[in-house]
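The following exercises train the reading of a protein model. Each task is followed by a solution in steps.

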Amino acid sequence: MVAVLPEPPLLVPELATGASTGVRQLRAAVADAAARLAGAARRWIAVGSDPGGRRTVGPQARGSFRGFGVDVEIALGPAAAGAADLCLPLPLLVAGWAAGATGAAVSVRGELLPPHAPRPDCAALGAAIAAECADDPEPVGLLVLGDGAAVGVGRDPRFVELAGEAAAFDGTVAAALRAADVDALAELDAGTAGSLHATGRAPWQVLAAATGPGWRGELLHSAAPHGVTYHVAVWSPGA
């Protein structure tokens with residue numbers, strides 16, 4: 001199974017109290033997707049983008065949201081030990097938090113790539129993940145993290161100029177996630193995504209290569225409560 005989540009720190013209640021209705025709906029959708037992924041697999045591969053570039057982070061890692069205002073610690077796996085890494089990238093902080101919130105003994109391995117990773121690099125990582133999952137006799141969950149366009153008020157001075165482009169981009173992504181349309185995700189333009197500050201483009205293209213046709217998509221949430229578009233989806237095998 002696949003779960004697609006955004007990565008805003010406001011998902012964590014301790015970091016954003018007094019949440020709006022939109023944020024509460026987002027949190028509920030994220031909790032639903034994570035619980036369904038935990039019900040399908042206890043080993044997750046989490047894919048996200050980070051300026052630090054391509055690297056793998058094992059399930060022994062720990063991290064903290066301290067840099068976002070509150071020292072909420074997370075672990076990527078039940079056996080994680082040692083001090084929290086205060087520089088653990090945001091996608092993995094959210095992955096660890098989402099896994100922990102399920103209450104299940106989930107082990108998460110992180111696979112990170114740069115936000116501007118070219119399509120062939122995304123496809124190569126996706127193919128490698130697909131091959132690994134095919135060889136594993138146990139179920140593996142794929143957790144894909146990233147945000148849509150982030151050009152809302154206060155995010156980009158070109159908001160009015162980019163609003164139409166952002167709406168079109170996010171509409172394409174939402175439709176692709178709903179229909180499990182891997183071709184549409186694979187065709188997302190890296191330049192456009194970069195200009196819209198959409199951190200999900202590269203992870204979504206990894207998703208496209210890791211799955212292929214024949215999946216059933218379900219879009220649980222798609223909205224921009226604070227000027228950033230957040231998509232939540234679940235994909236399951238089968239027509």
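**Exercise 1. Determine whether His197 is buried, partly exposed or exposed, locate it in the chain, and describe its phi angle.**

Solution. Step 1: the relative accessibility of His197 is 37%, so this residue counts as partly exposed. The classes are buried (under 20% relative accessible area), exposed (over 50%) and partly exposed (in between), with a 1.4 Å probe and protein chains only. Step 2: His197 lies in the loop between α6 (190–195) and α7. Helices (H or I, at least four residues) and strands (E, at least two) are DSSP runs, numbered from the N terminus. Step 3: phi of His197 is positive, near 60 degrees, and the residue is not a glycine. Most residues other than glycine have a negative phi.

Before continuing, note the basis of the values. The model is predicted: local features need pLDDT of at least 70, side-chain atom pairs count only at pLDDT 80 or more, and totals for chains, interfaces and linings use all residues. Residues are numbered from 1 along each chain as its sequence is written, and side-chain values use heavy atoms, with hydrogens and water left out.

**Exercise 2. State where Ala180 lies, whether it is buried or exposed, and what its phi angle is.**

Solution. Step 1: Ala180 is placed in the loop between α4 (159–179) and α5 (182–186). Step 2: with 7% relative accessibility, Ala180 is buried. Step 3: the phi of Ala180 is positive, about 50 degrees, although the residue is not a glycine.

**Exercise 3. Describe the overall form of the protein from its secondary structure, radius of gyration and burial.**

Solution. Step 1: the protein contains 7 helices and 9 strands. Step 2: its radius of gyration is 16 Å, close to the 18 Å given by the globule rule for 239 residues, so the protein is as compact as a globular protein of that length. This radius is taken over C-alpha atoms, and the rule is 2.2 Å times the number of residues to the power 0.38. Step 3: along the principal axes, the C-alpha atoms fill a box of roughly 50 × 40 × 30 Å. Step 4: 49% of the 239 residues count as buried. Step 5: among contacts between residues at least 6 apart in sequence, 72% join residues at least 24 apart. A contact means heavy atoms within 4.5 Å.

**Exercise 4. Which strands pair with β9, and in what sense?**

Solution. Step 1: strand β1 (residues 2–5) pairs with β9 in the antiparallel sense over 3 bridges. Two strands pair if DSSP finds at least two bridges between them. Within β9, Val234 is the bridge partner of Ala3. Step 2: strand β8 (residues 215–223) also runs antiparallel to β9, and 8 bridges join the two. Here His231 of β9 is the bridge partner of Ser222. Step 3: the hairpin of β8 and β9 has 6 residues between the strands, and Gly227 in this hairpin takes a positive phi near 85 degrees. Step 4: 7 of the 8 residues of β9 are buried, so this strand is largely enclosed by the rest of the structure.

**Exercise 5. Place Ser236 in its surroundings.**

Solution. Step 1: Ser236 belongs to strand β9 (residues 230–237). Step 2: its relative accessible area is 11%, and Ser236 is therefore buried. Step 3: apart from neighbours within four places in sequence, Ser236 is in contact with Met1, Trp215 and Arg216.

**Exercise 6. How many residues of helix α7 are buried, and what follows the helix?**

Solution. Step 1: in helix α7 (residues 201–211), 10 of the 11 residues are buried, so the helix is largely enclosed by the rest of the structure. Step 2: the buried residues include Trp204, Val206 and Leu207. Step 3: just after α7, Gly212 takes a positive phi of about 85 degrees.

**Exercise 7. Describe the loop residues Arg66 and Ala80 in terms of burial and contacts.**

Solution. Step 1: Arg66 is located in the loop between β4 (62–64) and β5 (73–75). At 44% relative accessibility, Arg66 is partly exposed. Leaving aside neighbours within four places in sequence, Arg66 is in contact with Asp71 and Leu86. Step 2: Ala80 is located in the loop between β5 and α2 (90–101). At 14% relative accessibility, Ala80 is buried. Not counting residues up to four places away in sequence, Ala80 touches Pro59, Gln60, Ala61, Arg62 and Ala75.
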